Amino acid sequence: MSELPDRASVVVIGAGIVGNCVVGHLAARGWTDMVLVDKGPLPDPGGSTGHASNFIFPVDHGKELALLTIDSQRQYEEMGVQVMPGGIEVARTEERMEELRRRMASAKAWGVESRLVTPAEIKELVPFINEEILLGGFYTPSVSVVDSLQAGTIMRQRALDANALTVSTMTEVEDLEVEEGRIRAVVTDRGRIECDYVVVACGLWSPRIAAMAGATIPLIPTVHQMIDVGPIPQLEATRSEIAFPIVRDMDAGMYERQNGGDMEIGSYAHRPILHDPDDIPSIEESPLSPTQLPLTEADFDAQMEDALELMPELLDTPGAGVKHGIDGLLSYTADGAPVLGETVEVKGLWSAAAVWIKEGPGVGKMIAEWMTDGEPEIDPHGADIARFTPNQRTWHHIRARVNEGFNKTYGIVHPREQWESNRFTRCSTFHPRTEALGAVYFEAGGWERPQWYESNAHLVEEFGVEDRPHEWDARWWSPIINAEHLALRDRAGIIDLTAFSIFEVTGPGACDYLQRMVVTNVDRAVGRVMYTPMLTHNGGFRSDLTVVRLAWDRYRVITGGPDWGRDLKWFTDHLPEDGSAHIHDITSAWCTAGVWGPRARDIVQSVTDHDMSNEAFPFGAAQEVVVNGIPTVMLRMSYVGDLGWEIHAPMEHGVKLWDTLWAAGQPHGMVAAGGGVYGTTGRIEKGYRLMGAELESEYNPVEAGLAFPKVKAADFNGKAAYLKARESEPIAKMCSLTVDDHMSAAGIERFMNGGEPILTRDGQRIADAHGRPSYVTTAGAGPSVGKHILLAYLPTEHATEGNELLVEYMGEHYPVTVRSNTRNGVFDPDDTRMKA
Amino acid sequence: MTLNILVAVKRVPAPGAKIVLTEDAQRIDTKHLGFTVSPHEECAVEEAVQLVGKHGGSSTVITLGPPVAEEQLRTAISMGIDHGVLVETDEQEWDALATAAALTDAIQTLEADGDRFDLILFGNESADAGNYQVGIRVAHALDRPVVSGIKAIEPTDARATMKRAVADGFEVLDLPLPAVAAIKEGINLPRYPAMRGRLLAKKAQIRRLTPQRRDGGMRRVRLHHPPQQQAQTQMLGTGADAAPAVAALFEEVGLL
């Protein structure tokens, strides 16, 4: 054991797969003087890595986790600690077969070779399976098993070989010292280490450790049960750790994986069993390890029956029995994704937690890139620890969501599926009014947003909107959305936009500061509204924003509800050190209603003396307007492509503002419209991009079609990369496509939901010169153009208007045509309505 | 001949390296622990299953304990025991005298209902208290022969030959049935509970008896856990460089 140094560049706490991979990748990027501590011994200190099943199914519907997993497999392979027995997700139900077809589309989108197999083919691959209860399977030959302990050892050794690391085991962290919001030192029972950075990679102990610094890492230790059944001569005869493909019995929520002469059976089907991170036994107190608690047998009984049904002869082999069973503890989060990045509370304190074996090396690399360069190669927005709102960081929320989400681990989760637990915690001031109108709420950034209004059901008939014939396509959707859309385009709609995140930037340096942050020139006249990308240092999208100049030294910055935490942290992190500019989060102080449509001017003009004419209040302007005695700020702009205003008012005036606008709108046939119009149908017809869907750090404004004609003189984040990107034709372009024919082989019209791969007309997968695949970033109806619209990045050679391609959906191909390769979309491309 | 065998087991916590006591030092804190029976008792269960398998007859497992001790009965049933009997107590620990008296009552009740036990098997000692008493006291109360430390049982016509391990070999004992034996770990290799067996055991009927508590003279004052020597791992080196240090250590401990 090495002596602990009293000073380090970074202290990594936790020597599981994640901590080891972090030090390995940091060393590869030139970091030295690192310390890795763990309270347990090596190579298995007793965390979740030590009892992991170590298998990797690379196909995930979500892009970020799929890319991290594929990168991790590549790293395990490079380290020589991976074998590929293949794996099959089997279906017992027709609903699951449909899900497996959807899996096929995701496999194709992310470039993983997979195929659907018949029960007979499954039997050939896994001779001891009872194929009679199966309808089919999803076979991925690259499903692998890795030695995660050995991988950790190799990664650690790389840092040791580079003379960059001191390892200290059996070392308990007792305190984290913070000074002026920055981490200063780690205090252990073997000494105090001053440091600039701390990475918390302690798996389920992470919340405890972070709390020592006053920071939160929102995850909860949750039981995943598994048993080991053996000895089984048929498995022993393979003389191999794993010779047969791993079987995921998806409908039963469990897996069967050969482990030498035994069969390991794991389950995500038992009741959710959550533990308190402060109440995990110590290593000495644990019969096996702190994360391997005694199996609570009664919870596993139903799973045993399912397993016996699937592999009756094998598991009934005379002499074979349950050799071992545990309640294995894993880290679960409220939304299922890892928690990565610098904590929002303490500078220099990083989280690398809630990570599974399948993502470990990829996350190690991501954290190292992020710490070194300020941003990782793979866009981390879905895993960024800053994504949570304060109420989402509470135990109350985490417990509720993990209790609800645990059994969805192998579930069929619809892309629009909503959570049921802990809802209506964050509501707009308009909520009583929208509720009275029969709003159906979707959650965004912890807010409740009306998605559509049941009181608008009569519009479906008025506008002749057709329902979607397939239940899956119609799930978490309503034809009322399209009807609200048409009513808005025909007359007017009022939309509750209170979920917007709003920051105020003030101070004598406000202009210079914002100039450095965003692409557009913000040194413009007071009263100017500016839409702008905000870039990473590499020139990819960090965010897109509306910036309003309210005074020479005062700006309002508006961003999406779900982007609140990440954007606020990014802005705060880049504030000038001289204190010349400040940022205030005023999200909870302001409500916002949008009124748009051809009658919007008539409606708004009727409740104010302010001149709302196009001449007095042109497009792109912001003005202070008094509405029925309420001081508001109005922004002449639109995300739905129609005439109208975003109307901002102090929260306490909200109800009166709504009532005033509502009453004024009635003679004009104004309807309440939901997020279905605002976020999908209205915006997608206009080709407007959405952060996290079309916009992410992998793509730059030139590719997204959002580059400005001129580049401002002032320097800004990502400028060099932005200038470079402008020099040549982009290798991919964001395009709007429409579906030419919806008819499936079964004679049912189908409607894509997003995430599907775009293929050439002869069915070939499409990827650009950087290997980035073409897939649907957003799919939705375009009621005013009578088409289903898909947004997707296409390699430039495919991104020509009129180009005919295919989209794969639920195992079938549908013809699509490129309609636009610019930002203008397919509806009113000249913006005549918006600028009327 | 067929055999009617009763096996007695005791539910005990399965602790880690460090045993945590409750604040009042009256018991082991079992919040994070699973429960099991002693290895001797596991072997007694296996022996009963094997003997009945070979000679025919029936096996029953009995325990004195709280309702949750059913778990240990069902585990024994999933290993092949036919019946389970729970002599139900509260959560309090019963001393050896009270336990033996209650088990004796229970056995007499069971036998009065028609089950005469040719063999009653105990573990040599419980995993927690380790009093080495209950089997002997029950045998005495039932006026049956008893032997302990048993590592082999071979029944023949109303008698049984048993082997008991001593320093240099075995004592071979011959005794008439019915008899009582305290089994020692090593008599056999207990099987793992089969998955199918577990599912069947879940549905098995457990007979419940209510004992009368007759405490003996022994009273627990408190539990005391002596401080443990903390094990410390020391790296002597890696690869060939470690050889001299290893050799030096071997010399130091007298291996070389």
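In chain A of this predicted model, nine strands make up an open sheet of mixed pairing, arranged in the order 6-7-5-14-15-16-13-18-17. The edges are held by strand 6 (115–117) and strand 17 (292–294) of chain A, each of which pairs on one side only. On average, and with direction ignored, neighbouring strands of this sheet are turned by 30° against each other. Strands of a sheet pair through backbone hydrogen bonds, and the sense of that pairing can be parallel or antiparallel.

**Strand 13 and its partners**

Strand 13 of chain A, which spans residues 220–230, is mostly covered, with ten of its eleven residues buried. In the order of the sheet, strand 13 stands between strand 16 and strand 18, and Asp228(A) has a bridge partner in each of them: Glu264(A) in strand 16 of chain A and His324(A) in strand 18 of chain A. The antiparallel pairings that involve strand 13 or strand 16 are set out below.

| Strand pair (chain A) | Sense | Bridges |
|---|---|---|
| Strand 13 and strand 18 (residues 321–332) | antiparallel | eleven bridges |
| Strand 13 and strand 16 (residues 262–267) | antiparallel | five bridges |
| Strand 15 (residues 254–259) and strand 16 | antiparallel | six bridges |

Asn259(A) stands opposite Asp262(A), a residue of strand 16 of chain A. This part of the sheet is also met by a helix, since helix 8 of chain A (residues 301–310) lies across strand 14 (246–249), strand 15 and strand 16 of chain A, and runs at about 65° to strand 15 of chain A.

**Nonpolar cores**

The largest nonpolar core holds 256 residues, of which Met34(A), Val198(A), Val199(A), Val200(A) and Ala352(A) touch the most other members. When neighbours within four places in sequence are left aside, Met34(A) is in contact with Ala8(A), Ser9(A), Val10(A), Val12(A), Val23(A), Leu26(A), Ala159(A), Ala164(A) and Leu165(A). Another core, of 55 residues, lies apart from the largest one, and its members include Leu51(B), Ile77(B), Ala98(B) and Val134(B).

**The contact between the chains**

Where chain A and chain B meet, 21 residues come from chain A and 20 residues from chain B. On the side of chain B that touches chain A, helix 5 of chain B (residues 195–203) gives the most, with five residues. By character, the residues on that side of chain B divide into eleven nonpolar, four polar and five charged.

Notes
Residues numbered from 1 in each chain as written. Chains lettered and ligands numbered in written order. Predicted model: local features only at pLDDT ≥ 70, side-chain atom pairs only at ≥ 80, totals over all residues. Buried ≥ 20, exposed ≤ 12 C-beta atoms within 10 Å, placed from the backbone. Helix = DSSP H or I, 4+ residues; strand = E, 2+ residues; numbered from the N terminus. Pairing = 2+ DSSP bridges. Contact = placed C-beta atoms within 7 Å. Nonpolar A, V, L, I, M, F, W, Y, C, P; charged D, E, K, R; others polar. Core = buried A, V, L, I, M, F, W, Y, C linked by C-beta atoms within 7 Å. Axes fitted to C-alpha atoms, helices over the stretch in contact; angles between N-to-C directions.
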